[in-house]
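User: I would like a close look at one part of this model. Please keep the sentences short and put that part in the context of the whole.

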Amino acid sequence: MSTAYRYNEYLESRKRAQLASCILSGLVKQPPSIQDIAGIWDDNTMRVYDKMEMYELIKERIKNKKRK
């Protein structure tokens, strides 16, 4: 699967997440964020991560940067 296709799918997923968030905002007090629903795109790895995966990835990058 090409990077362009994955990124396009991510953008489409964000559009759907935006719509879902709008709908949920009328039903619940605190709707999930778009990032909670669609994930977070990482430009370095060209992948989508959920919040916890991205948190761990950033932690590793900081550790590696400190070692240098």
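How many salt bridges does the structure hold? Take those you can place, then turn to helix 1 and say which of its residues are buried.

Analyst: The model is a predicted one. It holds five salt bridges. Three of them are described here, among them one within helix 1.

Start with the fold. The protein has three helices and two strands. Along the sequence they run in the order α-α-β-β-α. Helix 1 covers residues 3-25. Helix 2 covers 34-38, strand 1 covers 40-42 and strand 2 covers 47-49. Helix 3 takes in residues 51-67.

Now the salt bridge in helix 1. Lys15 and Glu12 join through their side chains, at 3.5 Å from N to O. Both sit in helix 1, and because they are three residues apart, about one helical turn separates them. An α-helix has 3.6 residues a turn, so residues three or four places apart point the same way. The two partners differ in exposure class. Lys15 is exposed, at a relative accessible area of 52%. Glu12 is partly exposed, at 30%. The cut-off for exposed is over 50%, so Lys15 passes it, while Glu12 falls into the class in between.

Helix 3 has a salt bridge with the same spacing: Lys59 and Glu56 are three residues apart, about one turn of that helix. Their side chains meet at 3.7 Å, N to O. Lys59 is partly exposed, with 33% relative accessibility. Glu56 is also partly exposed, with 38%.

The next salt bridge links two elements. The side chains of Lys51 and Asp36 meet at 3.1 Å, N to O. Lys51 belongs to helix 3 and Asp36 to helix 2, so this pair ties together parts that lie 15 residues apart in sequence. Lys51 is partly exposed, at 41% relative accessibility. Asp36 is partly exposed as well, at 45%.

Back to helix 1, beginning with its length. Helix 1 has 23 residues, and at 1.5 Å a residue these should span 33 Å. The C-alpha atoms at its ends are 32 Å apart, which agrees with the expected span.

The buried residues of helix 1 are Tyr10, Ala17 and Ser21. Among the elements that cover them are helix 2, strand 1 and strand 2. Take Ser21 in detail. Ser21 lies in helix 1. Its relative accessible area is 15%, and buried means under 20%, so Ser21 counts as buried. Beyond its neighbours within four places in sequence, Ser21 is in contact with Pro31 and Pro32.

Part of helix 1 also contributes to the surface. Leu19, Ile23, Leu27 and Val28 make up a nonpolar surface patch. Together they offer about 400 Å² of accessible area. Leu19 and Ile23 fall within the residue range of helix 1. Val28 lies in the loop between helix 1 and helix 2. Val28 is partly exposed, with a relative accessible area of 37%.

Gly26 belongs to that loop between helix 1 and helix 2 too. Gly26 is exposed, with a relative accessible area of 66%. From Gly26 to Lys65 the count is 39 residues in sequence. In space, their C-alpha atoms lie 44 Å apart.

Now set these parts in the whole. The C-alpha trace spans about 50 × 30 × 10 Å along its principal axes. The radius of gyration is 15 Å, whereas a compact globule of 68 residues would have one near 11 Å. Buried residues account for 16% of the 68 residues. Ser21 is one of those in helix 1.

Sequence separation is the next point. Of the contacts with a separation of 6 or more, 26% join residues 24 or more positions apart.

Last, the surface. The protein exposes about 5500 Å². Carbon and sulfur atoms supply 56% of that area.

To sum up, the salt bridges number five. Lys15 with Glu12 lies within helix 1, Lys59 with Glu56 lies within helix 3, and Lys51 with Asp36 connects helix 3 and helix 2. In helix 1, Tyr10, Ala17 and Ser21 are buried, and the cover over them includes helix 2 and both strand 1 and strand 2.

Methods: Residues are numbered from 1 along each chain as its sequence is written. This is a predicted model: local features need pLDDT of at least 70, side-chain atom pairs count only at pLDDT 80 or more; totals for chains, interfaces and linings use all residues. Side-chain values use heavy atoms; hydrogens and water are left out. Helices (H or I, at least four residues) and strands (E, at least two) are DSSP runs, numbered from the N terminus. Buried means under 20% relative accessible area, exposed over 50%, partly exposed in between (1.4 Å probe, protein chains only). Contact means heavy atoms within 4.5 Å. The expected span of a helix is 1.5 Å times one less than its number of residues. A salt bridge is a side-chain nitrogen of Lys or Arg within 4 Å of a carboxyl oxygen of Asp or Glu. The radius of gyration is taken over C-alpha atoms; the globule rule is 2.2 Å times the number of residues to the power 0.38. Accessible areas come from the Shrake-Rupley method with a 1.4 Å probe; for residues, only the protein chains shown count as cover. Patches are made of residues with over 30% relative accessible area and no salt bridge: like charges are joined within 9 Å, nonpolar side chains (Val, Leu, Ile, Met, Phe, Trp, Tyr) within 5 Å.
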